[in-house]
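Visitor: Hey, got a minute to walk me through this one? I'd like the fold and the confidence before I set anything up.
Guide: Sure, here it is.

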Amino acid sequence: SDIGELRQMINSLLSTYGLELNVFDGAVAAFHQDVRTMERSNQKLKVCGSGVRSILSVELQKQQVTQNRAMLDAASARGDLLQLTEGGKATVSSASSSLAASAGAASNAA
């Protein structure tokens, strides 16, 4: 009778352990699915973006993040346009000259 109770307790512990393994397997599968979804989303962002290495012949260095940010913020505040060229180089064109050029092209077309 003592052996029967011990056997029943061990059987109960092992069945509980098996159920916990099933729960954790489901959690791992859900985690892997989330990771795959985030990786695909991240890849789409990388594919859509363009690597800019220099602006107006000024190299963008990883160590100078605040200076790079200040340069881009100043251009953005003026309404300037960042135009990408080949090789990761970019130029900044004034929004007013771009608007004037497009307005001139529109009047020449008419």
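**Contacts, fold and confidence**

Guide: Let's start with contacts: in the protein chain, of those between residues at least 6 apart in sequence, 34% join residues at least 24 apart. Keep in mind that this is a predicted model.

Visitor: OK, how many helices and strands are there in the chain?
Guide: The protein chain has three helices and four strands. Going along the sequence, the pattern reads α-β-β-α-β-β-α.

Visitor: And what share of the residues counts as buried?
Guide: Just 8% of the 110 residues, with buried meaning under 20% relative accessible area. The accessible surface comes to about 9,200 Å², and carbon and sulfur atoms hold 59% of that.

Visitor: Any nonpolar patch on the surface, and which residues form it?
Guide: Yes, there's one made of Leu6, Met9, Ile10, Leu13 and Leu14, with about 510 Å² of accessible area together.

Visitor: Where is Leu13 found?
Guide: Leu13 is in helix α1, which covers residues 2-48.

Visitor: Why does Leu13 count as exposed?
Guide: Because its relative accessibility is 56%, and exposed means over 50%.

Visitor: Switching topic: what does the pLDDT average to?
Guide: The chain averages 75, and 65% of the residues score at least 70.

Visitor: Where is confidence lowest, and where is it highest?
Guide: Lowest is helix α3, residues 95-109, with a mean of 46; highest is α1, at 90.

Visitor: What about residues 98-110?
Guide: There pLDDT stays under 50, and the model has two contacts beyond four places in sequence for that stretch. Where pLDDT is low, predicted coordinates shouldn't be read in detail.

Definitions and conventions:
Residues numbered from 1 in each chain as written. Predicted model: local features only at pLDDT ≥ 70, side-chain atom pairs only at ≥ 80, totals over all residues. Heavy atoms only, no water. Patch = residues over 30% accessible without salt bridge, like charges linked within 9 Å, V, L, I, M, F, W, Y side chains within 5 Å. Areas by Shrake-Rupley, 256 points an atom, 1.4 Å probe, with all protein chains shown as cover. Salt bridge = Lys/Arg side-chain N within 4 Å of Asp/Glu carboxyl O. Helix = DSSP H or I, 4+ residues; strand = E, 2+ residues; numbered from the N terminus. Buried < 20%, exposed > 50% of the residue type's maximum accessible area, 1.4 Å probe, protein only. Contact = heavy atoms within 4.5 Å. pLDDT = per-residue confidence, 0-100.
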